[in-house]
Amino acid sequence: MTGTSHGPEYNWDSYSFDTRQVHAGEFDDQVSGARIPGIAMTAGYRFDSFADARERFDGTADGMIYSRSRNPSSRVAEQRIASLEGGTEAIVVASGQAAITCALFALAQSGEHIVSTASIYSGTRVLFGRSFARFGVEVDYVWDASDDDEWDRVIRPNTKAIFTETIPNPKNDIVDIAQVARVAARHGIPLVVDNTVASPYLIRPFEYGADIVVHSSTKFLSGHGAALSGAIVDGGTFDWTASSRSYPLLTDPPRAGVKSLLERYGRTAYARLAREAVVNDIGPALSPFNSFLLHQGIETLSLRMERHLENSGTIARWLDEHPAIDSVDYAGLPSNPAYALAQEVYGGRTGSVFAATVRGGEAGAQKFLDSLRVISHMTNIGDTRSMALHPATTTHHDFSDEMNLQLGITPGLVRLSIGIEGVDDLLADLDQALSGIRP
Ligand SMILES: Cc1ncc(COP(=O)(O)O)c(C=O)c1O
């Protein structure tokens with residue numbers, strides 16, 4: 001007699017975060033039974049029939065069409081990320097910059113406006129100030145995210161999105177997402193949150209009122225610094241018809257006799273729009289190979305994050321006491337202005353990307369960076385290896401001195417992204433690199 005098999009689990013919705021990061025979105029190879037989803041290196045997909053092709057194109061059948069909009073390897077990463085963030089649907093793209101661009105271009109067009117917090121990744125600020133401006137989308141900034149009046153002053157009738165980061169790169173000046181979400185809801189504007197530095201392991205912005213989450217999944221999600229990728233996640237939370245602002249691509253029929261995206265897709269309408277009308281038009285498709293690296297990297301997210309956090313806390317506290325260090329920007333330190341919020345939302349563990357100011361200004365920072373041996377002097381964050389960088393002369397070199405001062409990017413400031421190496425080796429490297437710097 002043969003035993004009865006109940007068959008493998010395919011619906012991971014009710015499982016824990018740690019289980020979903022390993023399994024959500026996976027599929028078995030139907031031919032060989034290969035356990036790991038294969039890399040679907042294909043540009044297109046054979047249609048079953050004339051009618052099937054028509055139905056896939058008009059959205060009444062589910063199958064894939066072309067890898068600029070959908071791919072099986074990308075689908076694994078998309079379902080895994082949507083599951084971990086608690087969203088309705090995710091779209092992976094070629095980089096974090098592509099994710100931010102596509103997420104916001106789905107909401108705002110030429111002549112419209114976006115409000116962002118001021119302390120964000122420098123590349124996003126450059127993107128807003130250069131390419132968004134060239135396409136006629138204006139971005140204004142709020143400097144104190146906790147000041148409702150400042151938000152109210154900057155938001156305009158044509159503001160179509162609010163943008164912020166959970167744990168801003170590089171200053172670790174965490175944002176109270178629930179409070180920004182209240183402002184956004186009061187004005188009927190969708191809140192788009194870059195959750196790159198925190199990752200869904202530390203915070204799931206939809207639980208705090210965000211509507212759309214974006215990632216540079218190049219960083220902690222993928223985790224090993226081998227490939228670029230980005231993700232857009234739809235929370236399915238925003239009420240597009242209740243807002244006094246217009247989102248016609250979602251609410252209006254594209255032509256007579258065709259239903260609107262909202263009528264057809266409900267809580268995944270925004271994701272449909274982002275995937276089919278923005279990502280598919282502009283074309284930043286993620287290579288299936290990089291999708292594979294992404295979904296495989298996600299499998300160990302919680303384990304890596306625990307080590308990142310443990311190492312970062314130890315190093316931030318150690319640097320804070322070091323005579324060659326003027327200050328440490330890490331919200332988990334009691335001296336930090338956001339300490340109470342850090343305790344409440346993050347249990348004091350505010351990621352592993354933060355800044356430290358070396359004594360002696362630029363000369364001090366230079367001596368420190370040129371002396372590092374274990375920690376890599378490079379740009380990137382969220383990798384297994386520890387990295388350090390001097391923002392003022394690299395990522396922020398295009399900004400005026402006044403702007404950098406306002407952003408807190410001072411000549412002695414270095415950005416650290418603490419990896420998962422042995423913490424004693426990292427402390428020893430920091431110690432020797434700081435040893436030549438006079439207190
Ligand atoms: C917070 C944040 N968002 C977005 C990006 C852009 O991502 P990518 O480099 O994958 O385009 C970065 C890159 O450093 C980042 O740190």
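The following legends accompany an overview and several close-up views of a predicted model of one protein chain.

**Figure 1. The whole protein chain, with its 17 helices and 12 strands.** The C-alpha trace of this predicted model spans about 75 × 65 × 35 Å along its principal axes. For 439 residues, a compact globule would be expected to have a radius of gyration near 22 Å, and the 23 Å of the protein chain agrees with that expectation. Of the 439 residues, 55% are buried, while the accessible surface of the chain comes to about 19100 Å², with 51% of this area belonging to carbon and sulfur atoms. Among the contacts with a separation of 6 or more, 71% are between residues 24 or more positions apart in the protein chain.

**Figure 2. The packing of helix α3 against helix α12.** Helix α3, formed by residues 72–85, and helix α12, formed by residues 288–298, meet at an angle of about 35°, and their axes are 8 Å apart. The crossing of these two helices is left-handed. On the α3 side, the contact is made by S73, S74, V76, A77, R80, I81 and L84, and on the α12 side by P288, S291, L294, H295 and I298. By type, the residues of this contact divide into 7 nonpolar, 4 polar and 1 charged. The spacing of several contact residues along a helix can be read with a general rule in mind: an α-helix has 3.6 residues a turn, so residues three or four places apart point the same way.

**Figure 3. The surroundings of S73 in helix α3.** This close-up stays with one of the α3 residues that take part in the contact with α12. The relative accessibility of S73 is 0%, and the residue therefore counts as buried. When neighbours within four places in sequence are left aside, S73 is in contact with P288, S291 and H295, and also with G38, I39 and A40.

**Figure 4. Helix α7, largely enclosed by the rest of the structure.** Helix α7 runs over residues 177–187, and because 8 of its 11 residues are buried, the helix is described as largely enclosed. The buried residues of α7 are I177, A178, Q179, V180, A181, V183, A184 and H187. Their cover includes helix α6 (148–154) together with the strands β4 (159–165) and β5 (191–194). After α7 comes G188, a residue whose phi is positive, near 65°.

**Figure 5. The position of A98 in helix α4.** Helix α4 comprises residues 96–105, and A98 lies within it. With a relative accessible area of 12%, A98 is buried, since the cut-off for that class is under 20%. Not counting residues up to four places away in sequence, A98 touches V93 and P284. The view also takes in I232, which is 134 residues from A98 in sequence, although the two are 9.3 Å apart in space, C-alpha to C-alpha.

**Figure 6. The position of M403 in helix α16.** M403 belongs to helix α16, which is made of residues 401–407. The relative accessible area of M403 is 23%, and this residue is therefore classed as partly exposed. Leaving out residues up to four places away in sequence, M403 touches R125 and W143.

Conventions. Residues are numbered from 1 along each chain as its sequence is written. This is a predicted model: local features need pLDDT of at least 70, side-chain atom pairs count only at pLDDT 80 or more; totals for chains, interfaces and linings use all residues. Side-chain values use heavy atoms; hydrogens and water are left out. Axes are lines fitted to C-alpha atoms, for helices over the stretch in contact, and angles run from 0 to 180 degrees between N-to-C directions. Helices (H or I, at least four residues) and strands (E, at least two) are DSSP runs, numbered from the N terminus. A crossing is left-handed if the near helix is turned anticlockwise from the far one by less than a right angle, and right-handed if clockwise. Contact means heavy atoms within 4.5 Å. Ala, Val, Leu, Ile, Met, Phe, Trp, Tyr, Cys and Pro count as nonpolar, Asp, Glu, Lys and Arg as charged, and the others, Gly among them, as polar. The radius of gyration is taken over C-alpha atoms; the globule rule is 2.2 Å times the number of residues to the power 0.38. Buried means under 20% relative accessible area, exposed over 50%, partly exposed in between (1.4 Å probe, protein chains only). Accessible areas come from the Shrake-Rupley method with a 1.4 Å probe; for residues, only the protein chains shown count as cover.
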